[in-house]
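Subject: Structure handover

Hello,

Here is the structure I said I would pass on. Please open it alongside this message, since the notes below refer to it by residue.

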Amino acid sequence: MELKWLLCVTLLALGILAVQAHDMDEDNDADDVVDIEDDLDDGIEEVEESKSETSSPPPAPKVTYRPPVPTGEVYFVESFDKGTLDGWILSRAKKDDTDDEIAKYDGKWEVQDMKETKLPGDKGLVMVTRAKHHAISSKLSKPFVFDTKPLIIQYEVNFQNGIECGGAYVKLLSKTPELNLDQFHDKTPYTIMFGPDKCGEDYKLHFIFRHKNPKTGKYEEKHAKRPDADLKTYFTDKKTHLYTLVLNPDNSFEILVDQTVVNSGNLLNDMSPPVNPPREIEDPNDQKPEDWDERPKIPDPDAVKPDDWDEDAPAKIADENAVKPEGWLDDEPEYVADPDAEKPEDWDEDMDGEWEAPQIANPKCETAPGCGTWQRPMIDNPNYKGKWKPPMIDNVNYQGIWKPRKIPNPDFFEDLEPFKMTPFSAVGLELWSMTSDIFFDNFIICTERAVADDWASDGWGLKKAADGAAEPGVVGQMMAAAEERPWLWVVYILTVALPVFLVVLFCCSGKKQPSAAEYKKTDAPQPDVMEDEKQEEKDKGEKEEEEEEEDANEEKLGSDADLGSASQEEEEEEEEEDRKPASEEEETVNRSPRNRKPRKD
């Protein structure tokens with residue numbers, strides 16, 4: 001019991017200390033004052049300092065940055081580790097149909113280190129300014145032609161300041177004689193647009209390609225279906241994320257974020273609008289006949305309004321059974337002028353009109369059931385039926401919902417290989433954003449998945465490893481959280497101490513049974529002898545109960561016979577005396593050592 005009380009007192013004391021620490025922390029935050037004269041705080045600080053000196057955590061493993069090197073054939077690769085924009089062309093174009101003040105592509109681009117980088121020397125392309133048009137592009141080593149090999153485009157994005165409204169997508173600019181990167185703008189033809197985009201609470205991951213109509217020669221944008229995955233984290237966690245698009249010659253595609261598939265599908269089935277138009281369309285010249293009846297139900301023409309149907313009956317009527325409450329003040333208004341109100345000194349009756357005191361609730365009505373003219377409350381009218389309408393019946397002339405007839409689509413075509421898109425020869429970023437310092441890095445365009453994976457491992461993989469090495473462990477995160485929220489110490493203490501307390505309680509609270517060795521060499525009754533004595537006492541008790549029942553029955557019989565005769569009572573007493581010796585003899589025999597059970601060794 002002393003151990004239980006000790007554990008209870010210990011837990012209580014720890015909880016009180018933790019709560020006091022939390023209250024002290026709140027006081028310090030509110031007043032921004034440190035009580036250096038508190039002996040308890042000094043003692044705690046000394047203990048914490050000694051712990052930090054003696055048990056400092058081991059330093060985190062250092063990750064050294066090395067510029068990634070492609071391991072296979074690539075069409076484009078850029079890591080920005082040279083620290084310059086060599087090979088990139090800034091646009092000097094203007095947007096059409098826009099005010100001259102904001103039409104220019106005058107947003108700034110720079111090659112910088114990431115703000116909170118864990119890899120010194122790892123540089124990237126940063127969109128420095130906000131609320132401006134930005135456009136920059138670079139040529140591929142050779143144009144990409146869609147034939148028998150897949151297309152893989154991959155790059156990294158970090159929203160260092162989060163993102164309010166803006167995009168971080170790339171455009172693969174179509175190979176055309178008119179392509180001029182110096183005049184790259186929003187209308188410049190592209191083959192594919194891919195990457196993240198966000199405005200408000202709409203989080204997108206675009207995959208759009210421009211498909212050429214083989215009959216008309218016109219291009220139409222085809223948008224991939226929205227992914228089912230939740231994309232919000234990629235825009236808000238301020239971490240570097242890896243975006244990958246894999247487009248295969250069999251028309252299948254995959255979209256990956258951090259090497260995890262978040263969307264997939266087929267160019268023929270999962271784009272909007274579809275690549276191929278329908279074989280048939282509705283005839284634009286077809287018109288619905290004037291006698292076409294689309295009504296499934298009609299009012300019953302044979303129905304007649306009942307004679308007792310009163311359409312003029314009101315929905316509500318006054319309750320005739322209502323009685324005005326006693327004490328109702330008919331002559332008192334509900335509101336009166338405030339007697340304490342005074343006209344403002346600057347009140348000008350010529351400008352503001354005649355001044356009137358504001359109205360307040362009549363104080364006389366506070367103790368009365370009501371004031372003013374009493375009116376009967378309104379109740380539902382049991383005779384109200386409303387405007388009569390004939391019941392609805394099935395329309396025997398119903399023909400269904402009319403639709404124009406189908407005709408062959410004059411613009412129909414069937415392109416079974418939408419993968420074979422327009423070749424592209426440059427990659428560009430044409431963006432507008434309300435947030436600055438969007439970080440881009442490690443672009444690669446290739447045809448082999450292994451090459452893209454190696455490039456990702458040497459670039460994004462190093463960033464991920466460095467971030468992981470810099471992050472504290474679980475214990476460190478718990479300690480940091482407790483420093484910000486001291487009440488967590490109570491949770492930690494209870495989480496650790498409570499199970500220990502329960503284990504000790506259950507293990508130490510049971511009664512200890514004497515072992516067989518304690519019965520040796522002693523005159524104390526052995527377990528088998530004690531069992532015999534208990535059985536004898538039980539038998540004796542049962543016999544005494546039987547005798548008491550017989551006595552009660554005999555007394556009842558005696559009272560029913562008007563107490564009986566004296567001789568009969570003497571006979572009953574003699575019989576009782578005869579029974580008692582017999583029972584005593586039986587008890588003596590039962591207690592005799594000869595009748596005891598042998599001791600079990």
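What follows is a list of what was found in it, grouped by topic.

The model is predicted, so please read every value below as computed from predicted coordinates.

Salt bridges

A search of the whole structure gives 27 salt bridges. Three pairs are described here, along with one network.

Glutamate 156 pairs with lysine 463, and their closest N and O atoms are 2.9 Å apart. Glutamate 156 belongs to strand S6 and lysine 463 to helix H7 (residues 460–470), so this salt bridge ties together parts of the chain that are 307 residues apart in sequence. Both partners are covered: glutamate 156 is buried, at a relative accessible area of 1%, and lysine 463 is buried as well, at 5%. The two also belong to a network of salt bridges that links Asp122, Glu156, Asp441 and Lys463.

Arginine 449 and glutamate 254 form another salt bridge through their side chains, at 3.6 Å from N to O. This pair also links distant parts of the chain, with arginine 449 in helix H6 and glutamate 254 in strand S13, 195 residues apart. Here the partners are partly exposed, arginine 449 with a relative accessible area of 35% and glutamate 254 with 27%.

The third pair is glutamate 311 with lysine 305, where the closest N and O atoms are 3.8 Å apart. Glutamate 311 is partly exposed, with a relative accessible area of 29%, and lysine 305 is partly exposed too, with 34%.

Helix H6 and strand S6

Which residues of helix H6 are buried? In this helix, which spans residues 449–458, they are Val451, Ala452, Trp455 and Ala456. Viewed down the axis of H6, the buried residues fall within an arc of 135 degrees, so they line one face of the helix. Arginine 449, described above for its salt bridge with glutamate 254, is in H6 as well, but it is partly exposed.

Strand S6 covers residues 151–159 and contains isoleucine 153. Isoleucine 153 is buried, with a relative accessible area of 2%. Its C-alpha atom is separated by 9.5 Å from that of leucine 172, which is 19 residues away along the chain. Glutamate 156, the buried partner of lysine 463, is in S6 too.

Backbone points to check

Most residues other than glycine have a negative phi, and most peptide bonds are trans. Three places in loops depart from this.

- The peptide bond from serine 272 to proline 273 is cis, with omega near -5 degrees. Proline 273 sits in the loop between strand S15 (271–272) and strand S16 (280–282).
- Asparagine 251 has a positive phi, near 80 degrees, and is not a glycine. It is placed in the loop between strand S12 (241–247) and strand S13 (252–257). Asparagine 251 counts as buried, at 5% relative accessibility.
- Glutamine 259 also has a positive phi, about 65 degrees, without being a glycine. The loop that holds glutamine 259 runs between S13 and strand S14 (260–266). Glutamine 259 is partly exposed, with a relative accessible area of 40%.

Strand S13 therefore has one of these loops on either side, with asparagine 251 in the loop between S12 and S13 and glutamine 259 in the loop between S13 and S14.

Surface patches

Two patches on the surface are described, one charged and one nonpolar.

The charged patch is negative and gathers Asp340, Glu342, Glu345, Asp346, Asp348, Asp350 and Asp352. One of these, aspartate 346, lies in the loop between strand S19 (335–337) and helix H5 (349–352). Aspartate 346 is exposed, with a relative accessible area of 65%.

The nonpolar patch is formed by Leu494, Leu498, Leu502 and Phe506, which together have about 390 Å² of accessible area. Phenylalanine 506 is found in helix H9, residues 488–508. Phenylalanine 506 is exposed, with a relative accessible area of 65%.

Regards

Definitions and conventions: Residues numbered from 1 in each chain as written. Predicted model: local features only at pLDDT ≥ 70, side-chain atom pairs only at ≥ 80, totals over all residues. Heavy atoms only, no water. Patch = residues over 30% accessible without salt bridge, like charges linked within 9 Å, V, L, I, M, F, W, Y side chains within 5 Å. Areas by Shrake-Rupley, 256 points an atom, 1.4 Å probe, with all protein chains shown as cover. Salt bridge = Lys/Arg side-chain N within 4 Å of Asp/Glu carboxyl O. Lys, Arg positive; Asp, Glu negative; His and termini not counted. Charge placed at Lys NZ, Arg CZ, Asp CG, Glu CD. Helix = DSSP H or I, 4+ residues; strand = E, 2+ residues; numbered from the N terminus. Buried < 20%, exposed > 50% of the residue type's maximum accessible area, 1.4 Å probe, protein only. Arc of directions from axis to C-beta.
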